[in-house]
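User: I would like to learn how to read a few features of a protein model, beginning with the way two helices pack. Could you take me through them step by step?

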Amino acid sequence: MKAKLGMSPIAWWNDDLPELSDDVSLEECLRQSRSAGFTGMEQGRRFPGTPEEMLPFLRAADVTLCGGWFSGTLVNEELAANKDRIAPMIELFKAVDAPCIVYGEVGRSIQGDRAKPLATKPRLSDDEMKAYGRTLTEFGEWCAEQGMPLSYHHHMAAVVETEPELDAFMKASGEGIPLLLDAGHLAFAGGDVLRAIDNHHARINHVHVKDIRRTVVDGLDRSRQSFLDAVALGAFTVPGDGSLDFGAIVQRFADYGYEGWFVVEAEQDPRKAPPQKMAEVGHAELMRVMTAAGYTVETQGFPKG
């Protein structure tokens with residue numbers, strides 16, 4: 001079985017909390033990640049927006065674009081508006097041969113609002129979840145028809161956060177909207193990562209290997225503290241530096257024959273957790289557990305020739 005290891009630039013530049021950002025260039029971000037052993041990088045805010053501009057950066061760093069976040073609003077906005085906004089991203093991602101676009105629902109979400117405590121997250125009724133699942137399926141099918149699959153990202157403080165919400169969304173939606181399984185977000189939400197893989201492995205097409213610091217997560221006052229407060233306190237980290245058993249998690253993916261990207265997405269304060277050092281820690285731990293699970297980790301970055 002083959003696997004690829006990527007990173008998210010959120011370890012270097014945090015879009016929601018700019019104060020949790022290193023003042024490093026795109027070139028330096030890519031260089032640090034590649035020097036740690038990662039062959040892919042998800043899109044971040046400092047990436048150029050055209051293939052003519054982006055490809056030279058990727059080629060020079062010897063990395064590929066392994067995904068990127070789209071802020072979807074299908075819970076409270078029309079399909080047409082989301083199609084219009086994602087269309088340029090689809091064309092860009094096709095041109096640089098990215099594997100998928102990560103769909104993150106921001107409609108009604110409080111994930112970017114530091115004034116909103118975690119306990120006030122939006123919740124959908126059964127009927128709303130059914131309608132939402134149908135809409136996401138239609139949108140995912142349309143994106144795939146345009147040549148770029150989506151990967152749905154369940155997320156803290158959003159409409160699909162908890163394991164029961166994820167189960168309900170997966171039941172309400174169809175194969176047209178694949179799933180991104182994020183170990184850190186699911187564990188933060190109180191879910192069982194291994195059980196979620198068991199239940200939904202057939203639709204998982206992308207994986208975020210985010211770890212959590214259990215003492216931070218368990219110490220939160222969710223009636224008072226927000227998702228961004230949790231991030232600033234260090235709720236997330238890389239595999240090998242947190243509380244989750246990635247040996248068991250990666251083995252469960254291997255048991256179901258998952259092949260593809262495992263992406264480290266761990267937002268934290270770069271002054272307390274230097275991104276290159278964290279990248280090295282995460283890569284070493286992933287290589288250890290990947291090898292134990294029988295994966296061959298691909299080492300080629302930007303395609304040769």
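**Reading a helix crossing and two backbone angles**

Analyst: In this predicted model, the axes of helix H10 (residues 246–255) and helix H11 (residues 275–293) come within 9 Å and cross at roughly 45°. H10 is therefore oblique to H11, and the crossing in which H10 passes H11 is right-handed.

User: Which residues of H10 and H11 make the contact?

Analyst: From H10 the contact involves Phe246, Gly247, Val250, Gln251 and Ala254, while H11 contributes Val289, Met290, Ala292 and Ala293. Sorted by character, the residues of this contact of H10 with H11 comprise 7 nonpolar, 2 polar and no charged.

User: Now to the backbone: how should I read the sign of phi?

Analyst: The general idea is that most residues other than glycine have a negative phi. Against that background, arginine 108, although not a glycine, has a positive phi of about 65°, and alanine 157, also not a glycine, has a positive phi of about 70°.

User: Where are arginine 108 and alanine 157 found?

Analyst: Arginine 108 lies in the loop between strand E5 (101–105) and helix H4 (126–145), whereas alanine 157 belongs to the loop between strand E6 (150–153) and helix H5 (163–172).

User: Is alanine 157 buried or exposed?

Analyst: Buried means under 20% relative accessible area, so alanine 157, at 0% relative accessibility, counts as buried. Arginine 108 has 38% relative accessibility and therefore counts as partly exposed.

Note on methods
Residues are numbered from 1 along each chain as its sequence is written. This is a predicted model: local features need pLDDT of at least 70, side-chain atom pairs count only at pLDDT 80 or more; totals for chains, interfaces and linings use all residues. Side-chain values use heavy atoms; hydrogens and water are left out. Axes are lines fitted to C-alpha atoms, for helices over the stretch in contact, and angles run from 0 to 180 degrees between N-to-C directions. Helices (H or I, at least four residues) and strands (E, at least two) are DSSP runs, numbered from the N terminus. Angles under 35 degrees count as roughly parallel, over 145 as roughly antiparallel, 65 to 115 as roughly perpendicular and the rest as oblique. A crossing is left-handed if the near helix is turned anticlockwise from the far one by less than a right angle, and right-handed if clockwise. Contact means heavy atoms within 4.5 Å. Ala, Val, Leu, Ile, Met, Phe, Trp, Tyr, Cys and Pro count as nonpolar, Asp, Glu, Lys and Arg as charged, and the others, Gly among them, as polar. Buried means under 20% relative accessible area, exposed over 50%, partly exposed in between (1.4 Å probe, protein chains only).
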